[in-house]
Amino acid sequence: MDESRKKKEELVERIVKEKGEEAFPKLLKLLEDDDPEVKEIVSEVFYRLGDKAREFLFEEIRKRREKGFEKNNITNLYIIDILGDLGENRMKKILYELMEKYDSEEALLVIYEALAKIGEGEVFLPELEYLMFEDSYRKEICEQVAMVLAHIPNERSLKILLKALKSEEFSEEQKEFFRRAIEMILFKNPSLHKFLGEEDRKELGL
């Protein structure tokens, strides 16, 4: 870990240690920081804080909805991403409303992933398959698509990722990402091993 990140982590940890739950609004403010590393650290801390953080963040996203969501607001995406990791099912309707507020595919994929984490991903499989193979920005977004698929442990997700793994269009680095996504799917749903051919198993080192 580099020195800069270590200092940022120490700062965030100190805020939490000194303030406890009273640190939540301060942490929320840090999610608006321009430094993506700070946002990542704060996201990890919120995740570790579990149920209390989930209640605070759900209340926050609910308040933002009542005021009217700002268009293309990045902080909202961080909040729903953490809530997805924490399994917050109450935000399903909010996520569908949020979709209308973003222009970029990257932002929509964050929302798809949050929905997939709470068991609502299957409906987006046709869209995810299109984004992986047909979209003009597929090489830029393929890793993000793979991570959404990793949270939808079914046959179609697996087959999309296996097809991507065989494609000559993607780099070896990107394919490593696809392998990790496949491993996640197989871990969540071991019965899917039956859809792997001998070549697939060799490719995955199984």
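**Entry 1: K71 and D103**

I began with K71, which counts as partly exposed because its relative accessibility is 49%, and I noted for everything that follows that this is a predicted model. I then looked for the partner of the K71 side chain and found D103, the two meeting in a salt bridge with 3.2 Å from N to O. This pair links distant parts of the chain, since K71 lies in the loop between α4 (50-67) and α5 while D103 lies in the loop between α6 (92-98) and α7, 32 residues apart. For D103 I read a relative accessibility of 55%, and so this residue counts as exposed.

**Entry 2: α5 against α7**

I turned next to the two helices that follow those loops in my notes, helix α5 (residues 74-85) and helix α7 (residues 105-117), and found that they pack at an angle of about 20° with their axes 8 Å apart. Angles under 35 degrees count as roughly parallel, and α5 and α7 are therefore roughly parallel to each other. I also recorded that α5 passes α7 in a left-handed crossing. On the α5 side the contact is made by L77, I80, D81, G84 and D85, and on the α7 side by A107, V110, I111, A114 and K117. When I sorted the residues of this contact by class, I had six nonpolar, one polar and three charged.

**Entry 3: a salt bridge inside α7**

I stayed with K117, which belongs to the contact with α5, and found that K117 also forms a salt bridge with E113, the closest N and O atoms being 3.7 Å apart. The two residues are four apart in helix α7, and so about one helical turn separates E113 from K117. Are these partners buried or exposed? With a relative accessible area of 13%, E113 is buried, and K117, at 18% relative accessibility, counts as buried too.

**Entry 4: a salt bridge in α10, and a network**

I looked up K159 and E155, whose salt bridge has its closest N and O atoms 2.6 Å apart. Both sit in helix α10 (residues 155-166), four residues apart, and are therefore separated by about one helical turn. I noted K159 as partly exposed, with a relative accessible area of 42%, and E155 as partly exposed, with a relative accessible area of 32%. Elsewhere I found D51, R54, E55, E88 and R90 joined into one network by salt bridges that share partners. For the whole structure I wrote down a total of 22 salt bridges.

**Entry 5: K39**

I then asked where K39 is placed, and found this lysine in helix α3 (residues 36-48). K39 is buried, with a relative accessible area of 11%. Setting aside neighbours within four places in sequence, I listed L30, L31, E32, D33, I74 and Y78 as the residues in contact with K39.

**Entry 6: α9 against α11**

Last, I examined helix α9 (residues 138-150) and helix α11 (residues 172-188), whose axes come within 8 Å and cross at roughly 10°. That angle makes α9 roughly parallel to α11. From α9 I noted K139, C142, E143, A146, M147, L149 and A150, which meet E173, Q174, F177, F178, A181, M184, I185 and K188 in α11. By class, I recorded 10 nonpolar, one polar and four charged residues in this contact.

Conventions. Residues numbered from 1 in each chain as written. Predicted model: local features only at pLDDT ≥ 70, side-chain atom pairs only at ≥ 80, totals over all residues. Heavy atoms only, no water. Axes fitted to C-alpha atoms, helices over the stretch in contact; angles between N-to-C directions. Parallel < 35°, antiparallel > 145°, perpendicular 65-115°, else oblique. Left-handed = near helix turned anticlockwise from the far one by under 90°. Contact = heavy atoms within 4.5 Å. Nonpolar A, V, L, I, M, F, W, Y, C, P; charged D, E, K, R; others polar. Salt bridge = Lys/Arg side-chain N within 4 Å of Asp/Glu carboxyl O. Buried < 20%, exposed > 50% of the residue type's maximum accessible area, 1.4 Å probe, protein only.
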